[in-house]
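Biologist: Could you take a close look at the side-chain contacts and the metal site, and explain them to me in one connected account? I would like each term to come with its cut-offs.

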Amino acid sequence: MSHHQFTLRQHLLAEQARHGIDSDLILLLEDIATACRIISHRIRSGAFANVLGATNNTNVQGETQKQLDVIANDEFVEHCRNCRRVAALVSEEVDEVYWLKDKAVPGDYIVYFDPLDGSSNLDVNLSVGSIFSVVRLPEEIDATDDRSVLRPGNEQICAGYSVYGPSTALVITAGNGVSGFTHHNGTGEFRLTSRNLTIPEETSEFAINASRYVLWDTPIRRYFDECIAGKSGPREQGFNMRWTASMVAEVHRILTRGGIFMYPADAGNRATGGKLRLMYEANPMALIVEQAGGAASTGTERIMDVQPTSHHQRVPVILGSKSEVERLDRYHDGAIS
Ligand code: AHG
Ligand code: MN
Ligand code: MN
């Protein structure tokens with residue numbers, strides 16, 4: 001017998017009754033869910049609408065924008081601005097902060113997003129996703145100064161991502177655990193399919209772009225070498241490796257069956273601080289992973305405690321099963337075990 005699955009709205013209203021989350025946050029999350037549903041549709045019909053492939057533009061990161069990067073960004077902007085509490089938007093695809101209010105007061109939100117993550121996967125029909133984060137302002141900020149959006153991850157009240165894979169999934173935390181929803185074709189609803197997603201403490205699966213081995217620092221090399229040494233190595237166990245080139249897909253796998261994901265700073269990317277962006281990739285994923293019982297670190301600091309200095313700043317990222325992240329922290333500390 002099939003049991004009733006909560007819709008996103010039913011779930012959010014139940015969360016509100018239990019934990020008192022803002023009504024405006026519920027409306028914002030529903031609008032973000034709509035944006036994700038539209039993006040999912042645009043991706044899935046991309047080959048027919050001629051929207052696969054690159055534009056002639058490069059974004060602020062110096063990366064070539066795909067047509068779908070721009071389409072996804074526009075959907076996020078259009079839907080997030082419905083919420084009267086949103087004071088500013090920070091997008092991977094837009095250089096400046098997008099201010100929606102002249103004056104940002106306590107209780108207003110800043111929304112940070114990567115509208116399309118893993119977009120190099122589009123052309124090869126592999127999973128991509130969207131990532132978002134919401135900070136609620138504890139004080140009034142200067143809406144004429146882009147530096148006002150430089151809030152640390154520990155101020156996030158909510159974060160989530162959508163993954164456009166074999167199904168479209170939406171994973172959300174509002175600070176009371178992590179819930180997973182699946183898009184139901186036909187009704188168009190997101191329905192609750194995983195309650196209280198929890199990352200197993202121990203794991204034997206790791207994800208890293210190993211083609212960068214020669215560029216890595218000693219702690220990362222050591223961790224990797226020990227994993228691939230298998231049963232006869234110091235870890236005395238076999239490990240499995242994955243790399244999808246889409247952080248959303250990696251985090252989704254880790255939330256489902258555990259593991260660790262690393263995109264460290266290395267000799268090739270250190271000048272820019274790493275590869276992944278702090279405010280709309282690392283911070284939201286760090287909140288989700290911590291809420292699911294895991295950990296997220298730069299190797300030397302908890303990701304959510306990093307004080308941002310620029311809204312497109314990059315950071316080293318190590319996240320997933322707690323015991324493995326802690327092990328990497330120890331290796332960065334210079335500890336021998
Ligand atoms: P984006 O498509 O938003 O630029 O992000 C891609 C990121 C991340 O999702 C992924 O883990 C990593 O870049 C892939 O990097 P490699 O190209 O080194 O595999
Ligand atoms: Mn990304
Ligand atoms: Mn992106």
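Modeller: Arginine 147 is a good place to begin, since this residue is exposed, with a relative accessible area of 61%; here exposed means over 50% relative accessible area, buried means under 20%, and partly exposed is in between, computed with a 1.4 Å probe on protein chains only. Before going on, please keep in mind that this is a predicted model, in which local features need pLDDT of at least 70 and side-chain atom pairs count only at pLDDT 80 or more, whereas totals for chains, interfaces and linings use all residues. Residues are numbered from 1 along each chain as its sequence is written, chains are lettered from A and ligands numbered from 1 in the order in which they are written, and side-chain values use heavy atoms, with hydrogens and water left out.

The partner of arginine 147 is aspartate 145, and the two form a salt bridge in which the closest N and O atoms are 3.0 Å apart; the term stands for a side-chain nitrogen of Lys or Arg within 4 Å of a carboxyl oxygen of Asp or Glu. Aspartate 145 is partly exposed, at a relative accessible area of 22%. A search of the whole structure finds 25 salt bridges, including one between aspartate 305 and arginine 302, where N and O are 3.0 Å apart. Aspartate 305 counts as partly exposed at 35% relative accessibility, and arginine 302 counts as partly exposed at 33%.

A buried setting is found at arginine 277, which has 4% relative accessibility and forms a salt bridge with glutamate 281, the closest N and O atoms being 2.9 Å apart. Glutamate 281 is itself buried, with a relative accessible area of 1%. These two residues also belong to a network of salt bridges that links Glu63, Glu92, Arg277, Glu281 and Arg314.

Glutamate 281 leads on to the metal site, where the manganese ion (ligand 2) is coordinated by Asp114 (OD), Asp117 (OD) and Glu281 (OE) at 1.8 to 2.2 Å. Donors are N, O and S atoms within 2.8 Å of the metal (3.2 Å for Na, K and Ca), and water is not among the atoms, so sites may look incomplete. The donor residues of this manganese ion (ligand 2) follow the spacing D-x2-D-x163-E in sequence. Aspartate 114 bridges the manganese ion (ligand 2) and the manganese ion (ligand 3), which lie 3.6 Å apart. The pair of aspartate 114, in strand E5 (residues 109-117), and glutamate 281, in helix H7 (residues 278-291), links distant parts of the chain, 167 residues apart. Helices (H or I, at least four residues) and strands (E, at least two) are DSSP runs, numbered from the N terminus. Aspartate 114 is buried, with a relative accessible area of 0%.

Strand E5 brings us to the aromatic rings. A pair of aromatic rings is described by the distance of the centres and the angle of the planes. Rings of Phe, Tyr and Trp (its six-membered ring) pair if their centres lie within 6.5 Å, and planes under 30 degrees apart count as stacked, over 60 as edge-to-face and the rest as tilted. By this rule the count comes to 8 aromatic pairs. One of them joins phenylalanine 76 and phenylalanine 113, whose ring centres are 4.8 Å apart with the planes at 25°, so the pair is stacked. Because phenylalanine 76 lies in helix H4 (residues 67-80) and phenylalanine 113 in strand E5, the pair ties together parts that are 37 residues apart in sequence. Phenylalanine 76 is buried, at a relative accessible area of 0%, and phenylalanine 113 counts as buried at 0% relative accessibility.

Tryptophan 216 and phenylalanine 224 form an edge-to-face aromatic pair, 5.2 Å centre to centre and with 70° between the planes, and both residues are buried. Ring pairs link Phe206, Tyr213, Trp216, Phe224 and Phe239 into a cluster.

Rings also meet charges: the charged end of arginine 222 sits over the ring of tyrosine 331, 3.6 Å from its centre, and the charged end of arginine 195 sits over the ring of phenylalanine 6, 5.5 Å from its centre. A charge sits over a ring if NZ of Lys or CZ of Arg is within 6 Å of the ring centre and within 35 degrees of the ring normal.

Finally, the cysteines: the structure holds 0 disulfides, a disulfide being a pair of cysteine sulfur atoms within 2.5 Å. The sulfur of cysteine 36 is 8.9 Å from the closest cysteine sulfur, in cysteine 80, which is too far for a bond. Likewise, the sulfur of cysteine 80 has its closest cysteine sulfur in cysteine 83, at 8.4 Å, too far for a bond. Cysteine 36 counts as buried at 0% relative accessibility, and cysteine 80 is buried with a relative accessible area of 0%.
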